[in-house]
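Please open the structure in a viewer and keep the sequence panel visible. The tour proceeds by successive selections.

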Amino acid sequence: MKRLQSEDLNSEPTETTATTTEDQDLSDEELEELEHQQEKELQEKRKAKKERELEFIRKYFIFRKDYIPHPDRIKLLRSRIPPRIPPQPPICLDLSTHGERHLLVRGGRGGFGNPHFTSNEIKGPGIASRGETGGNIWLEMELKTIADVGLVGLPNAGKSTLLKRITNAHPKIASYPFTTLNPYVGTIEYPDSHTITVADIPGLVAGAHLNVGLGHEFLRHVERSTVLVYVIDLGGLDPGADFRVLRDELERYQEGLTGKPSLVLANKADVGALAKENLSGLREAVRESSMASKDGQQIIVVPISARDDKNIGCGAGSSSNIGGNSQERESGRSGLAMIWNKPYA
């Protein structure tokens, strides 16, 4: 039994040796055919590699119909492939300076003709590089109205009526809210050729900073105003609360927006006893807001009647002081105070 196992173990190496000997005992014809087959496979691999390289090179270069570039020329062309332009990062720009410029999208790089590829060995190569197509980009543009004075208020507070009284603008006027859906800009002209632009911002509502009632569409026009004029309806239920709503929405939309020079026009002061009662509450709310503000600016409250043309435009000639010197232009308080500082009668 042990002898048989020994014979079995010795049988496997014998078979392996026989197989190796069989490979080595190929005839010359068979070896030549095997070498020819291996050479053919190698040539096919080289041909496939060259075709792949040509296919890659053709993305950047153009060849004459009967021109087949030499491998050395292909290697040279690969070194001349222009570097890849990095992707365009997201664009968010605020154009607020005259003459400001930014690169938004790049144009395509131009190609080279065959004279660019001439050499001492090749005088007229059939090669030309491809030009690149320019980049494409979609932009969303937002126009922000630029004005010296921005009229801010709740819907139906009388902003359009006021704008028509003091400027040359002719906005739509009606007795229902949201009459104005787009800003109107009017100009106050003075004898000394000085002008002030006044923008009627559409009415804001509570939650405007969250885009309630198209709040963002309206609030963006406030950013460019040098001075804010709050137009408050004295005929409302609580003018003081209306003023606080406006201040809160502006501050929530953009921190520091309420720090602009401001003036409060208490409109509809012609409604009688209700207006007088609400005026005192409005002044208290404005005083509290001024004390709570970071800069502590004092905001003037002026009662007016835009409908009856009372207490508006009186002393408007003195308002040109808003552009007198750089300090007044920056603060804007003195000039605007002179526009509407005559006591209501």
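The stops below run from the whole chain to the sheet, its helices and one loop residue.

This is a predicted model, in which local features need pLDDT of at least 70, side-chain atom pairs count only at pLDDT 80 or more, and totals for chains, interfaces and linings use all residues. Residues are numbered from 1 along each chain as its sequence is written, and side-chain values use heavy atoms, with hydrogens and water left out.

**Whole chain.** Select the protein chain, which holds 9 helices and 8 strands; these are DSSP runs, helices being H or I with at least four residues and strands E with at least two, numbered from the N terminus. Of its 345 residues, 34% are buried, where buried means under 20% relative accessible area, with a 1.4 Å probe and protein chains only. The accessible surface comes to about 22,400 Å², and carbon and sulfur atoms contribute 51% of this surface; the areas come from the Shrake-Rupley method with a 1.4 Å probe. Among contacts (heavy atoms within 4.5 Å) with a separation of 6 or more, 63% link residues 24 or more positions apart.

**The sheet.** Next, select the 6 strands of the open sheet, ordered β4-β5-β3-β6-β7-β8 with mixed pairing; two strands pair if DSSP finds at least two bridges between them. Strands β4 and β8 (300-303) stand at the edges with a single partner strand each, so one side of each has no neighbour in the sheet. From one strand to the next, the twist averages 25°. Now isolate residues 227-233 (β6) and 262-267 (β7), which run parallel and are joined by 6 bridges. Within this pair, Ile232 stands opposite Ala266 in β7.

**Helices on the sheet.** Add α4, which packs on the sheet and touches β3 (149-152), β4, β5 (195-200), β6 and β7, its direction making about 160° with that of β5. Then add α6 (residues 239-253), which also packs on the sheet: this helix touches β3, β6 and β7, and its direction makes about 145° with that of β6. Axes are lines fitted to C-alpha atoms, for helices over the stretch in contact, and angles run from 0 to 180 degrees between N-to-C directions.

**Thr167.** Finally, centre on Thr167, in the loop between α4 (159-166) and β4 (184-189). Is Thr167 buried or exposed? Thr167 is buried, with a relative accessible area of 11%. A polar atom of its side chain lies 2.6 Å from the backbone oxygen of Leu163, and the side chain of Thr167 also reaches the backbone nitrogen of Ala169 at 3.2 Å. Beyond its neighbours within four places in sequence, Thr167 is in contact with Gly186, Thr187, Ile188 and Val198.

Technical notes: Buried < 20%, exposed > 50% of the residue type's maximum accessible area, 1.4 Å probe, protein only. Polar contact = N/O pair within 3.5 Å; in protein donor to acceptor, adjacent residues only side chain to side chain.
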